[in-house]
Structure formats: structure tokens, C-alpha cells
Amino acid sequence: MISTSRTFANFAYLFILYDLPNMLHMKTVIVPVDFSDNALATARYAINMLSGISGVSLVLYHMYEKASEEEEAYFRLEQMKSELDAAGAITLACHAEPGSDFPESLSRFARHWAASLIVMGLTGKSKLEQIFLTSNTLKLVDKNPCPVMVIPPQAEFKQIRNVALTSDFRDVDLSTPVGPIRQVLELFRPALHIVNVNSEHYVSLDEHYLEQKSRMKALFNEFNPEFYFIGTYDFHETINQFVSDKQIDMVITIPRSHSFIDKLFNPNHTKKLVFSSTVPVLAAHE
């Protein structure tokens, strides 16, 4: 039975707000939760993923719509926090706030705390749920408060040791969100594999690709990137095969524009982007 004690709610509220300022000197990772099994699984995934990384705090974030839901929200957040405290040695905090626009509220919160990463999980249930959850994720990516990592339904937990960064190698100095990508790479310190898929690649690279490769190497030189130029037509199939062959633990994509986001609302594109992946997909842009 859920307690509706105002005393308990006030205590929880003060405790949660007290925790958050202490995180200013830590890297903040946010997991939005709705108290579903999927949200709990995503939080566990994030804790395992971050376990052993020093100076990181994880915030369980919940948005409620009605004032009458406040006490229950804080009570359930504390329940979830208590359950997750045993999952790994990581600083955990909670935050609940009223709102009607989830992507906007979460974006504002992430910016306020200069979050390094938002981790979201997608359920593999009905197509309607898939489209709804993914559209919210894409709206959040579009608002761009920080990089957003999506955990697909079929992903099995792995430490982030190998990362694939996909790039079209067009104007890399202007189109590559170096800051957001670096903050994620600095968090995990993985091996970096930079991949370009283009059916026009032949035996050797032309001058354009050689120049762009040189620029990309300069952008991420401290991570000793390896480069792959693959001459095939099917981008998604090629990347999935690359993930398997190179034991990739996360794929980083760079959404270029609103038109990109709009196209991905199509269920077929959504399926290709997230639901066909076996590893987390991270979207980052300037």
C-alpha cells in the first residue's frame, strides 16, 4: 500500500533536493522512469554500464502531470532507488517534477544539471508502444540537451569497450558534434571505430575522403581511432554486420537535421534505426 503521508513526502523531497547539488562536481547520467518493468531494467542496465567509473552519478527522473501524483511519485522513486542501491556501487539520486511535455521537461532538467548522458530503454511490445516511445526519444534528440543513448529491447548487457561512430564524411569539422561525443568517450574510454558506408567506395579513397579522414582523425586523435570505409548499399545491414564482426558495444549516430528526425518517425525507419540493433544506439548532435 502506498503511503500518502505528507511528512514522508516532505522528507523525501528534501532528501532528493539535498542530493542533487552534491552532484555538481560529478558527471551526471539521467534515466527517465515511469515505474514500469522496462524502466527498472533500463536503470539496472545503466548502473551496470557505469559501475566502476568514478565521479559519476545517476539520476532517476520522473515527470507527473497532476499535483495529486506528487507524493506517490516520490514514494515510488525512493522504492526504486532502494531496490537499485544493491545493483552496483554508484551514486544514485531521484527527481520528480510536474509537467505536460515530457521531452521539454527532461531536456530542461538535463541542461540545468549539465548532464553528460540520458539513457532510455525501449520496450519490444506492441508497434504502437514502439512508435510512441521512439517518437518521444527522437523529440528528445531533436531538443539536444545532451547525447541520448537508447537501449533496444534485444540488447544484452556489455561493458562499453568498443564504440562505432558512423559518419558520412561530409564537412566533418562542421557536422561532427565533437564536444558531446567526446564527453561520452571520456566517460567510457573505449576503442573508437569510425565507419563510413558508401556504395561508391572502390579499392582506394579519393582525395575528398582522404582529406576528411585526416580532419576526423585530428578531431578524435586522443582516442586513437581506426577507420573503415565500406562499399555497400545497405547502411543498416552493413552496420549491424560490423557490430557483430568487431564486437561493437555501442553505435554513435549523428542526426543532421529536422528532416532526418521527421523521416525517422516512419515506423520502417524507426525499426531500422533502433529495433534492429543489438547494442545501444547513441544520438549526438550540436
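**Note on the predicted chain**

1. Contacts (heavy atoms within 4.5 Å) run mostly far along the sequence. Of those between residues at least 6 apart, 85% join residues at least 24 apart. This is a predicted model: local features need pLDDT of at least 70, side-chain atom pairs count only at pLDDT 80 or more, and totals for chains, interfaces and linings use all residues. Residues are numbered from 1 along each chain as its sequence is written, and side-chain values use heavy atoms, with hydrogens and water left out.

2. The chain has 11 helices and 10 strands. These are DSSP runs, numbered from the N terminus: helices are H or I with at least four residues, strands E with at least two.

3. Of the 286 residues, 51% are buried. Buried means under 20% relative accessible area, exposed over 50%, partly exposed in between (1.4 Å probe, protein chains only). The chain exposes about 14400 Å², and carbon and sulfur atoms supply 51% of that area.

4. Check the backbone at Phe 35. Its phi is near 75°, positive in a residue other than glycine. Phe 35 sits in the loop between β1 (27-32) and α2 (37-50). With 16% relative accessibility, Phe 35 is buried.

5. Asp 171 also has a positive phi, about 50°, and is not a glycine. Its loop lies between β6 (162-166) and α6 (172-175). Asp 171 is exposed, at 52% relative accessibility.

6. A negative surface patch gathers Glu 200, Asp 206, Glu 207 and Glu 211. Patch residues have over 30% relative accessible area and no salt bridge (a side-chain nitrogen of Lys or Arg within 4 Å of a carboxyl oxygen of Asp or Glu), with like charges joined within 9 Å. Glu 207 belongs to helix α8 (residues 207-219) and is exposed at 70%.

Key: Patch = residues over 30% accessible without salt bridge, like charges linked within 9 Å, V, L, I, M, F, W, Y side chains within 5 Å. Areas by Shrake-Rupley, 256 points an atom, 1.4 Å probe, with all protein chains shown as cover. Lys, Arg positive; Asp, Glu negative; His and termini not counted. Charge placed at Lys NZ, Arg CZ, Asp CG, Glu CD.
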